[in-house]
Amino acid sequence: MLGLAVGGVLLAYLLHRRTAVAPDAVATLPFLSGWRPAEHALSRFEARYYPMTLLFLAFDVEMLYMYPWATVVASIGTSAIVEMFVLLGVLMTGVLWAWREGALRWT
C-alpha cells in the first residue's frame, strides 16, 4: 500500500512537471492583434468570483437532494420534512457566514 501511495504521488508529480505552464509560454502572440498580454492566461479571474461559485455549487447540490425528496415526502411523512429543513438550515448558516465574512460584497 505504501508503494502504491508513493507511486501515485510520483506519477502525479511527473504529470504535473510534464503539463505545467512555463513562465514564458507565450512565445508567439496569436491573439489580441499582436499586443502583448497584460496578465497570464491562467490568472484572468478575480478571487472574488470563487466564493460566489462555491455558494452556487452548494445550492446546486441542494437541488440534487430536493428533487428525489419531493417524490417520496408523502410516503415518508413528517421526518422527511424535518430532515429537509435541517439541510436548508445548514445551507442558510453557510450563506449567513459568507455574508458576514464579506464574500458577497463586490466593492
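Partly exposed here means a relative accessible area between the 20% that bounds buried and the 50% that bounds exposed. Keep that yardstick handy, because L10, at 47% relative accessibility, counts as partly exposed by it. What you're looking at is a predicted model. The protein is helical: three helices and zero strands.

**Overall build**
- Reading from the N terminus, the elements go α-α-α.
- Of the 107 residues in the protein, 9% are buried.
- About 9400 Å² of the protein is exposed, and carbon and sulfur atoms supply 70% of that area.
- Take the contacts with a separation of 6 or more: 45% of them join residues 24 or more positions apart.

**The spans UniProt lists**
- An unreviewed UniProt entry lists residues 47-68 and 80-99 under "transmembrane region".
- In the model, residues 47-68 are 91% helix and 0% strand, and 34 Å separates the C-alpha atoms at the two ends.
- Residues 80-99 come out as 100% helix and 0% strand, with the end C-alpha atoms 29 Å apart.

**L10 and its patch**
- L10 sits in helix α1, which covers residues 2-19.
- Together with Y13 and L14, L10 forms a nonpolar patch on the surface.
- The accessible area of L10, Y13 and L14 adds up to about 320 Å².
- Patch members need over 30% relative accessible area, and L10 has 47%.

**E62, a charge without a partner**
- You'll find E62 in helix α2, which spans residues 49-76.
- Is E62 buried or exposed, and how far away is the nearest side chain of opposite charge? E62 is buried, and that side chain, R100, is 21 Å away.
- E62 has no salt bridge; a salt bridge would need a side-chain nitrogen of Lys or Arg within 4 Å of a carboxyl oxygen.
- Setting aside neighbours within four places in sequence, E62 is in contact with L87, L88 and L91.

**The R100 and E101 pair**
- Side chains of opposite charge can pair when their charged atoms come close.
- How many salt bridges does the structure hold? There is one.
- The side chains of R100 and E101 meet in a salt bridge, at 3.0 Å from N to O.
- R100 counts as exposed because its relative accessible area is 60%, and the cut-off for exposed is over 50%.
- E101 has 46% relative accessibility, so it counts as partly exposed.

Technical notes: Residues are numbered from 1 along each chain as its sequence is written. This is a predicted model: local features need pLDDT of at least 70, side-chain atom pairs count only at pLDDT 80 or more; totals for chains, interfaces and linings use all residues. Side-chain values use heavy atoms; hydrogens and water are left out. Helices (H or I, at least four residues) and strands (E, at least two) are DSSP runs, numbered from the N terminus. Buried means under 20% relative accessible area, exposed over 50%, partly exposed in between (1.4 Å probe, protein chains only). Lys and Arg count as positive and Asp and Glu as negative; His and the chain ends are not counted. Contact means heavy atoms within 4.5 Å. Patches are made of residues with over 30% relative accessible area and no salt bridge: like charges are joined within 9 Å, nonpolar side chains (Val, Leu, Ile, Met, Phe, Trp, Tyr) within 5 Å. Accessible areas come from the Shrake-Rupley method with a 1.4 Å probe; for residues, only the protein chains shown count as cover. UniProt positions are given in the numbering used here, feature names are shortened, and annotations may be inferred rather than shown by experiment.
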